[in-house]
Amino acid sequence: MRPSAINYMNTHILPSFEYYEPKSLGEALELLDRLGGDAKVLAGGTDLLVKMKTGALRPKYIVNIKRIPGLRYIRLEEGVLRIGALTTWHDLEEDPVVERFPALADAVKQMGGLQIRVMGTIAGNLCNASPAADAAPPLLVYDAEVVLASVKGVRTVKLEDFFVGPGKTVMQPNELLVEIRVPAKGGSSAFVKLSRTSMDLAIASAAVYAEFEGEVVKEARVALGSVAPTPIRARKTEAVLKGRRVSEEGLIELLRTVSEEVNPITDVRASAWYRREVSRVLVYDALLKAFERSRGGRA
Amino acid sequence: MRVSFKLNGRPVEVDVAPNELLINVLRDKLKLTGTKYGCGIGECGACTVLVDGKPVLSCLTLAVDVNGREVVTVEGVSEDGNPTPVQRALVEEGAIQCGYCTPGFVMVGEYLRSKKRAYSEEEIRSLIRGNLCRCTGYVNIVKALAKALGGG
């Protein structure tokens with residue numbers, strides 16, 4: 001086993017490929033249908049090109065979708081936030097409407113460095129399907145959906161059903177993720193991420209969406225990243241939280257359900273044991289942060 | 001493929017292969033070696049250039065992708081041949097040691113300057129987390145950028 005692939009790779013150059021630059025969505029979908037599994041879609045390139053340089057991916061065809069007009073937008077329409085396929089993290093960072101989805105706004109602020117946010121798209125973050133994808137936990141607690149288009153038509157998939165395993169989604173090779181839909185909700189939310197530095201991948205992350213009546217949790221949704229083969233919803237924990245007071249003594253002990261619901265691995269960033277333990281602390285932190293926000297605090 | 005774009009205010013045309021990276025075209029074909037190759041995987045920010053005014057990593061950008069766009073490198077940030085306020089502050093605050101990371105910091109600084117607003121030291125620290133410097137320990141870089149962008 002090589003200690004690090006990067007030491008043996010020339011990150012100065014990219015392997016060759018056949019290049020396509022569709023000018024319309026229709027043209028892109030035709031291309032993906034024809035080229036099938038040998039093609040990779042290029043948007044921000046911050047994941048794809050790195051994987052090509054390190055040899056993790058060697059696509060025969062690259063379909064650059066960046067010249068397709070009309071795929072870069074953030075719109076709040078009829079209570080649903082619509083985010084286009086080419087919308088970057090930096091676009092979200094600069095749009096005040098995102099503040100209405102505090103967990104998402106938290107993820108946006110903590111995502112990578114400025115240059116990565118300028119280049120990378122949130123749709124690409126989902127398609128890359130890393131268990132550590134920062135976009136996933138906040139979108140999961142908002143019950144987000146993704147719109148997948150192909151020459152055969154359009155289908156909508158719940159984000160919860162979208163991820164299949166590390167790097168794997170339900171998307172077919174001929175499909176393109178064209179839009180993320182995030183229903184606006186009246187409650188409060190927060191996303192917290194534990195990583196060595198903010199540039200680093202998360203050791204573990206958690207998002208909580210909650211509706212409070214005073215101190216009592218009326219409704220809760222909990223999602224976690226980096227603690228299972230895919231980002232996950234923690235439904236047992238959601239049930240545990242319902243009806244509890246946030247100040248209740250021993251609440252963090254009750255959150256042991258989180259540790260039961262996660263299924264982490266040991267890697268260079270942390271051990272499975274640590275991830276299991278810390279994930280319930282992150283859920284607790286996110287819950288308190290969401291609660292502070294619900295009372296108008298600037299937590 | 002033939003690509004044409006504006007480079008530091010002047011139109012250029014160059015033949016590139018689809019897998020050629022912007023950094024290599026800038027440095028090897030157009031002989032602008034101010035942009036530095038650091039990690040090649042988007043961690044260090046040394047290769048930062050502005051594309052249509054925004055800071056991007058030229059080591060993760062296909063040259064074909066800047067066709068029709070406007071690219072500014074560290075060679076092009078000054079309009080009159082004199083150092084910009086960001087460059088001047090980096091020199092004055094002793095924020096440069098080996099200098100390899102400096103062009104990247106200059107490009108981020110110039111982007112922030114183009115926003116025409118003041119940044120706090122905390123904001124600056126957060127906005128330069130995509131730029132690594134292995135010499136200075138960042139203190140003087142933050143000081144310099146705060147001087148150029150702090151509005152105070």
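In this predicted model, chain B meets chain A through 23 of its residues, which are in contact with 24 residues of chain A. On the side of chain B that touches chain A, the largest share comes from strand E4 (residues 54-57) of chain B, which supplies four residues. By residue class, this side of chain B divides into twelve nonpolar, seven polar and four charged residues.

Strand E4 belongs to a chain whose secondary structure comes to five helices and five strands. Read from the N terminus, the elements of chain B follow the order β-β-α-β-β-β-α-α-α-α. The overall dimensions of chain B can be judged from its length: for 152 residues, a compact globule would have a radius of gyration near 15 Å, and the 15 Å of chain B agrees with this. Along the principal axes, the C-alpha atoms of chain B fill a box of roughly 45 × 30 × 25 Å. Of the 152 residues in chain B, 46% are buried. Among the contacts in chain B with a separation of 6 or more, 62% are between residues 24 or more positions apart.

Chain A, the partner, comprises 13 helices and 14 strands. Its radius of gyration is 20 Å, close to the 19 Å that the globule rule gives for 299 residues, so chain A is as compact as a globular protein of that length. The C-alpha atoms of chain A occupy a box of roughly 60 × 50 × 30 Å along the principal axes. Buried residues account for 51% of the 299 residues of chain A. Of the contacts in chain A between residues at least 6 apart in sequence, 64% join residues at least 24 apart.

Within chain A, helix H2 (residues 25-35) offers a local view of burial. The buried residues in this helix include A:Ala28, A:Leu29, A:Leu31 and A:Leu32. These four residues lie on the same side of H2(A), because they cover an arc of only 160 degrees around the axis. A:Gly26 and A:Arg34, by contrast, are exposed on the other side of H2(A).

What, then, covers the buried residues of H2(A)? The cover includes five strands of chain A: strand E1 (18-20), strand E2 (39-42), strand E3 (61-64), strand E6 (145-150) and strand E10 (176-183). After H2(A) comes A:Gly36, which has a positive phi, near 60 degrees.

Terms used
Residues are numbered from 1 along each chain as its sequence is written. Chains are lettered from A and ligands numbered from 1 in the order in which they are written. This is a predicted model: local features need pLDDT of at least 70, side-chain atom pairs count only at pLDDT 80 or more; totals for chains, interfaces and linings use all residues. Helices (H or I, at least four residues) and strands (E, at least two) are DSSP runs, numbered from the N terminus. The radius of gyration is taken over C-alpha atoms; the globule rule is 2.2 Å times the number of residues to the power 0.38. A residue is buried if 20 or more other C-beta atoms lie within 10 Å of its own, exposed if 12 or fewer, and partly exposed in between; C-beta atoms are placed from the backbone. Two residues are in contact if their C-beta atoms, placed from the backbone, lie within 7 Å. Ala, Val, Leu, Ile, Met, Phe, Trp, Tyr, Cys and Pro count as nonpolar, Asp, Glu, Lys and Arg as charged, and the others, Gly among them, as polar. The arc is that of the directions from the helix axis to the C-beta atoms.
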